[in-house]
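The following questions and answers concern helix packing and the nonpolar core of one protein chain. Please consult the sequence and the structure alongside them.

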Amino acid sequence: MITMVVGEIANFAAYAFAPAILVTPLGALSIIISAALAHIILREKLHIFGILGCVLCVVGSTTIVLHAPQEREIESVKEVWDLATEPAFLFYAALVIAAVFVLIVHYIPLYGQTHVMVYIGVCSLVGSLSVMSVKALGIALKLTFSGMNQLVYPQTWVFILVVATCVITQMNYLNKALDTFNTAVVSPIYYVMFTSLTILASIIMFKDWDRQNPTQIVTEMCGFVTILSGTFLLHRTKDMVDGPGSTRLPKHADEDGFDVEGIPLRCPESLRTS
(Lines give C-alpha, C1' and ligand atoms only; values in the text may rest on other atoms or scores of the structure.)
Protein backbone atom coordinates (compact mmCIF):
# COMPACT_ATOMS: atom_id res chain seq x y z
CA MET A 1 0.00 0.00 0.00
CA ILE A 2 2.83 2.39 0.88
CA THR A 3 4.61 1.76 -2.42
CA MET A 4 1.36 2.30 -4.33
CA VAL A 5 0.80 5.65 -2.60
CA VAL A 6 4.40 6.71 -3.26
CA GLY A 7 4.05 5.70 -6.90
CA GLU A 8 0.85 7.71 -7.38
CA ILE A 9 2.43 10.76 -5.72
CA ALA A 10 5.42 10.49 -8.05
CA ASN A 11 3.10 10.11 -11.04
CA PHE A 12 1.16 13.19 -9.93
CA ALA A 13 4.39 15.17 -9.58
CA ALA A 14 5.54 14.10 -13.04
CA TYR A 15 2.54 15.79 -14.65
CA ALA A 16 3.51 19.06 -13.00
CA PHE A 17 6.98 19.06 -14.58
CA ALA A 18 6.54 17.28 -17.93
CA PRO A 19 3.94 17.24 -20.73
CA ALA A 20 1.26 14.56 -20.56
CA ILE A 21 2.26 13.38 -24.02
CA LEU A 22 5.53 12.23 -22.40
CA VAL A 23 4.37 11.06 -18.95
CA THR A 24 1.34 8.97 -19.91
CA PRO A 25 2.99 6.57 -22.42
CA LEU A 26 5.81 5.93 -19.95
CA GLY A 27 3.26 4.20 -17.74
CA ALA A 28 4.15 1.09 -19.74
CA LEU A 29 7.38 0.93 -17.73
CA SER A 30 5.32 -0.18 -14.72
CA ILE A 31 4.30 -3.25 -16.72
CA ILE A 32 7.95 -4.11 -17.29
CA ILE A 33 8.81 -3.65 -13.62
CA SER A 34 5.84 -5.79 -12.58
CA ALA A 35 6.89 -8.57 -14.95
CA ALA A 36 10.49 -8.43 -13.73
CA LEU A 37 9.50 -8.49 -10.05
CA ALA A 38 7.08 -11.36 -10.65
CA HIS A 39 9.91 -13.28 -12.32
CA ILE A 40 12.38 -12.60 -9.51
CA ILE A 41 10.19 -12.66 -6.40
CA LEU A 42 7.25 -14.88 -7.34
CA ARG A 43 9.32 -17.18 -9.60
CA GLU A 44 6.91 -16.68 -12.48
CA LYS A 45 8.46 -17.73 -15.75
CA LEU A 46 8.84 -14.95 -18.31
CA HIS A 47 8.38 -16.27 -21.84
CA ILE A 48 10.84 -15.27 -24.55
CA PHE A 49 8.08 -13.24 -26.22
CA GLY A 50 7.43 -11.54 -22.89
CA ILE A 51 11.08 -10.49 -22.79
CA LEU A 52 10.71 -9.19 -26.35
CA GLY A 53 7.64 -7.22 -25.23
CA CYS A 54 9.68 -5.64 -22.43
CA VAL A 55 12.41 -4.68 -24.89
CA LEU A 56 9.86 -3.10 -27.23
CA CYS A 57 8.42 -1.06 -24.34
CA VAL A 58 11.90 0.18 -23.42
CA VAL A 59 12.74 1.09 -27.03
CA GLY A 60 9.43 2.91 -27.50
CA SER A 61 9.78 4.76 -24.20
CA THR A 62 13.31 5.85 -25.07
CA THR A 63 12.14 7.10 -28.46
CA ILE A 64 9.39 9.20 -26.89
CA VAL A 65 11.69 10.63 -24.22
CA LEU A 66 14.28 11.70 -26.80
CA HIS A 67 11.71 13.46 -29.00
CA ALA A 68 9.13 14.71 -26.48
CA PRO A 69 8.18 18.40 -26.56
CA GLN A 70 9.45 20.82 -23.93
CA GLU A 71 7.12 21.61 -21.05
CA ARG A 72 5.12 24.78 -21.60
CA GLU A 73 6.15 27.64 -19.31
CA ILE A 74 3.15 28.53 -17.14
CA GLU A 75 3.26 31.16 -14.41
CA SER A 76 -0.30 31.02 -13.08
CA VAL A 77 -3.18 28.60 -12.83
CA LYS A 78 -5.18 31.23 -14.72
CA GLU A 79 -3.11 30.42 -17.81
CA VAL A 80 -4.13 26.77 -17.53
CA TRP A 81 -7.74 27.85 -17.08
CA ASP A 82 -7.51 29.95 -20.25
CA LEU A 83 -6.20 26.89 -22.13
CA ALA A 84 -8.98 24.70 -20.70
CA THR A 85 -11.69 27.17 -21.71
CA GLU A 86 -10.62 27.59 -25.32
CA PRO A 87 -13.29 26.48 -27.85
CA ALA A 88 -11.32 23.46 -29.10
CA PHE A 89 -10.91 21.87 -25.67
CA LEU A 90 -14.41 22.81 -24.55
CA PHE A 91 -15.72 21.01 -27.64
CA TYR A 92 -13.59 17.95 -26.80
CA ALA A 93 -14.76 17.97 -23.17
CA ALA A 94 -18.40 18.26 -24.27
CA LEU A 95 -17.97 15.28 -26.62
CA VAL A 96 -16.40 13.24 -23.84
CA ILE A 97 -19.14 14.06 -21.33
CA ALA A 98 -21.85 13.28 -23.90
CA ALA A 99 -20.20 9.97 -24.86
CA VAL A 100 -19.78 8.95 -21.21
CA PHE A 101 -23.41 9.81 -20.47
CA VAL A 102 -24.64 7.69 -23.39
CA LEU A 103 -22.40 4.78 -22.40
CA ILE A 104 -23.52 4.84 -18.76
CA VAL A 105 -27.24 5.35 -19.40
CA HIS A 106 -27.77 3.23 -22.52
CA TYR A 107 -24.94 0.81 -23.24
CA ILE A 108 -23.77 -0.34 -19.80
CA PRO A 109 -27.17 -1.78 -18.77
CA LEU A 110 -27.35 -3.67 -22.08
CA TYR A 111 -23.75 -4.67 -22.81
CA GLY A 112 -21.72 -3.98 -19.67
CA GLN A 113 -21.49 -7.67 -18.72
CA THR A 114 -20.68 -8.92 -22.21
CA HIS A 115 -18.51 -6.28 -23.95
CA VAL A 116 -15.31 -5.13 -22.30
CA MET A 117 -15.13 -1.98 -24.45
CA VAL A 118 -18.14 -0.43 -22.68
CA TYR A 119 -16.54 -0.16 -19.23
CA ILE A 120 -13.12 0.64 -20.63
CA GLY A 121 -14.61 3.33 -22.85
CA VAL A 122 -15.99 5.15 -19.82
CA CYS A 123 -12.69 4.79 -17.91
CA SER A 124 -10.59 6.02 -20.82
CA LEU A 125 -12.77 8.98 -21.76
CA VAL A 126 -13.08 10.19 -18.18
CA GLY A 127 -9.39 9.45 -17.62
CA SER A 128 -8.33 11.83 -20.37
CA LEU A 129 -10.11 14.68 -18.57
CA SER A 130 -8.76 13.61 -15.18
CA VAL A 131 -5.17 13.75 -16.45
CA MET A 132 -5.65 17.28 -17.78
CA SER A 133 -7.12 18.33 -14.42
CA VAL A 134 -4.35 16.54 -12.51
CA LYS A 135 -1.76 18.36 -14.59
CA ALA A 136 -3.48 21.71 -13.91
CA LEU A 137 -3.61 20.96 -10.19
CA GLY A 138 0.00 19.80 -10.19
CA ILE A 139 1.10 23.04 -11.83
CA ALA A 140 -0.91 25.03 -9.26
CA LEU A 141 0.74 23.19 -6.36
CA LYS A 142 4.19 23.52 -7.92
CA LEU A 143 3.76 27.28 -8.22
CA THR A 144 2.35 27.46 -4.68
CA PHE A 145 5.35 25.64 -3.21
CA SER A 146 7.66 27.97 -5.13
CA GLY A 147 6.14 30.99 -3.39
CA MET A 148 3.30 31.99 -5.75
CA ASN A 149 0.16 30.93 -3.92
CA GLN A 150 -2.40 29.58 -6.38
CA LEU A 151 -4.90 28.40 -3.77
CA VAL A 152 -6.41 31.88 -3.66
CA TYR A 153 -7.74 31.44 -7.19
CA PRO A 154 -11.16 29.75 -7.60
CA GLN A 155 -9.85 28.00 -10.73
CA THR A 156 -7.59 25.83 -8.56
CA TRP A 157 -10.56 24.56 -6.54
CA VAL A 158 -12.53 23.90 -9.71
CA PHE A 159 -9.68 21.69 -10.94
CA ILE A 160 -9.65 19.89 -7.56
CA LEU A 161 -13.38 19.19 -7.90
CA VAL A 162 -12.95 17.92 -11.46
CA VAL A 163 -10.05 15.67 -10.40
CA ALA A 164 -12.07 14.14 -7.55
CA THR A 165 -15.13 13.55 -9.75
CA CYS A 166 -13.19 12.07 -12.65
CA VAL A 167 -10.96 9.83 -10.54
CA ILE A 168 -13.92 8.38 -8.58
CA THR A 169 -15.81 7.68 -11.82
CA GLN A 170 -12.75 6.25 -13.51
CA MET A 171 -11.86 3.90 -10.63
CA ASN A 172 -15.47 2.77 -10.23
CA TYR A 173 -15.85 1.56 -13.80
CA LEU A 174 -12.31 0.23 -14.02
CA ASN A 175 -13.01 -1.98 -10.99
CA LYS A 176 -16.22 -3.17 -12.64
CA ALA A 177 -14.27 -4.07 -15.77
CA LEU A 178 -11.68 -5.98 -13.74
CA ASP A 179 -14.41 -7.80 -11.79
CA THR A 180 -16.18 -8.83 -14.99
CA PHE A 181 -13.35 -9.60 -17.42
CA ASN A 182 -9.89 -11.13 -17.34
CA THR A 183 -7.15 -8.71 -16.26
CA ALA A 184 -4.98 -9.87 -19.18
CA VAL A 185 -7.69 -8.53 -21.50
CA VAL A 186 -8.61 -5.36 -19.62
CA SER A 187 -5.08 -4.04 -18.94
CA PRO A 188 -3.71 -3.72 -22.51
CA ILE A 189 -6.98 -2.41 -23.97
CA TYR A 190 -7.35 0.13 -21.20
CA TYR A 191 -3.73 1.23 -21.57
CA VAL A 192 -4.16 1.80 -25.32
CA MET A 193 -7.44 3.71 -25.08
CA PHE A 194 -6.51 5.73 -22.01
CA THR A 195 -3.09 6.72 -23.36
CA SER A 196 -4.42 7.57 -26.83
CA LEU A 197 -7.23 9.77 -25.51
CA THR A 198 -4.93 11.45 -22.98
CA ILE A 199 -2.42 12.31 -25.71
CA LEU A 200 -5.27 13.68 -27.84
CA ALA A 201 -6.57 15.80 -24.95
CA SER A 202 -3.07 17.11 -24.22
CA ILE A 203 -2.51 18.02 -27.87
CA ILE A 204 -5.80 19.95 -27.93
CA MET A 205 -5.44 21.70 -24.58
CA PHE A 206 -1.71 22.35 -24.27
CA LYS A 207 -0.96 22.36 -28.03
CA ASP A 208 2.09 20.14 -27.53
CA TRP A 209 2.61 19.55 -31.24
CA ASP A 210 2.66 23.26 -32.07
CA ARG A 211 6.20 23.39 -30.68
CA GLN A 212 7.46 20.43 -32.72
CA ASN A 213 8.33 19.70 -36.33
CA PRO A 214 6.73 16.86 -38.35
CA THR A 215 9.77 14.59 -37.90
CA GLN A 216 9.51 14.75 -34.11
CA ILE A 217 5.77 14.11 -34.20
CA VAL A 218 6.12 11.06 -36.46
CA THR A 219 8.96 9.71 -34.32
CA GLU A 220 6.86 10.09 -31.17
CA MET A 221 4.00 8.21 -32.80
CA CYS A 222 6.35 5.43 -33.85
CA GLY A 223 7.60 5.20 -30.27
CA PHE A 224 4.02 5.05 -29.00
CA VAL A 225 3.11 2.26 -31.44
CA THR A 226 6.23 0.37 -30.36
CA ILE A 227 5.12 0.61 -26.72
CA LEU A 228 1.65 -0.62 -27.65
CA SER A 229 3.13 -3.60 -29.49
CA GLY A 230 5.31 -4.49 -26.53
CA THR A 231 2.42 -4.13 -24.09
CA PHE A 232 0.13 -6.43 -26.05
CA LEU A 233 2.91 -8.96 -26.59
CA LEU A 234 3.81 -9.01 -22.90
CA HIS A 235 0.22 -9.46 -21.74
CA ARG A 236 -0.63 -11.97 -24.44
CA THR A 237 2.29 -14.28 -23.72
CA LYS A 238 2.67 -13.94 -19.96
CA ASP A 239 0.97 -17.32 -19.30
CA MET A 240 2.89 -19.23 -21.96
CA VAL A 241 5.66 -21.70 -21.17
CA ASP A 242 8.66 -22.73 -23.24
CA GLY A 243 9.47 -26.19 -24.40
CA PRO A 244 8.02 -28.87 -26.71
CA GLY A 245 4.28 -28.78 -26.89
CA SER A 246 4.16 -25.51 -25.00
CA THR A 247 0.68 -24.28 -24.28
CA ARG A 248 -0.90 -21.32 -22.67
CA LEU A 249 -1.47 -21.84 -18.99
CA PRO A 250 -4.66 -20.11 -17.88
CA LYS A 251 -4.35 -17.68 -15.04
CA HIS A 252 -7.41 -19.24 -13.48
CA ALA A 253 -10.43 -21.16 -14.56
CA ASP A 254 -13.88 -21.03 -13.07
CA GLU A 255 -15.79 -23.89 -11.50
CA ASP A 256 -17.42 -24.86 -14.80
CA GLY A 257 -14.04 -25.30 -16.44
CA PHE A 258 -14.10 -22.26 -18.64
CA ASP A 259 -10.70 -20.89 -19.54
CA VAL A 260 -10.95 -17.15 -19.00
CA GLU A 261 -8.03 -16.46 -21.33
CA GLY A 262 -10.06 -17.90 -24.18
CA ILE A 263 -12.53 -15.02 -23.86
CA PRO A 264 -10.77 -12.04 -25.41
CA LEU A 265 -13.48 -9.43 -25.71
CA ARG A 266 -16.71 -10.66 -24.17
CA CYS A 267 -18.06 -12.98 -21.50
CA PRO A 268 -20.04 -16.00 -22.78
CA GLU A 269 -23.78 -15.88 -22.38
CA SER A 270 -23.75 -18.92 -20.11
CA LEU A 271 -21.45 -17.14 -17.62
CA ARG A 272 -23.49 -13.96 -17.69
CA THR A 273 -26.81 -15.70 -16.94
CA SER A 274 -25.49 -18.22 -14.44
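Angles between helix axes over 145 degrees count as roughly antiparallel, and those under 35 degrees as roughly parallel. The model discussed here is predicted.

Q: Are α4 and α10 roughly parallel or roughly antiparallel to each other?
A: The axes of helix α4 (residues 48-67) and helix α10 (residues 214-236) come within 7 Å and cross at roughly 160 degrees. Angles over 145 degrees count as roughly antiparallel. The two helices, α4 and α10, are therefore roughly antiparallel.

Q: Is the crossing of α4 and α10 left-handed or right-handed?
A: Two packed helices are described by the angle between their axes and the distance between the axes. For α4 and α10, the crossing is also assigned a hand, which is left-handed.

Q: How is α7 oriented with respect to α8, roughly parallel or roughly antiparallel?
A: Helix α7 (residues 116-145) and helix α8 (residues 154-180) have axes that come within 8 Å and cross at roughly 150 degrees. This angle makes α7, relative to α8, roughly antiparallel.

Q: How many nonpolar residues does the contact of α7 with α8 have?
A: The crossing of α7 and α8 is left-handed. By class, their contact has seven polar residues and one charged residue, and its nonpolar residues number 18.

Q: Which helix gives the most to the largest nonpolar core?
A: The largest nonpolar core has 67 residues, of which V80, F89, M132 and M205 touch the most other members. At least three of its residues come from each of domain 1 (1-69 + 213-241) and domain 2 (74-211). The greatest contribution to this core, 17 residues, is that of α7.

Methods. Residues numbered from 1 in each chain as written. Predicted model: local features only at pLDDT ≥ 70, side-chain atom pairs only at ≥ 80, totals over all residues. Heavy atoms only, no water. Axes fitted to C-alpha atoms, helices over the stretch in contact; angles between N-to-C directions. Helix = DSSP H or I, 4+ residues; strand = E, 2+ residues; numbered from the N terminus. Parallel < 35°, antiparallel > 145°, perpendicular 65-115°, else oblique. Left-handed = near helix turned anticlockwise from the far one by under 90°. Nonpolar A, V, L, I, M, F, W, Y, C, P; charged D, E, K, R; others polar. Core = buried A, V, L, I, M, F, W, Y, C linked by side-chain atoms within 4.5 Å. Buried < 20%, exposed > 50% of the residue type's maximum accessible area, 1.4 Å probe, protein only. Domains from an automatic or database assignment.
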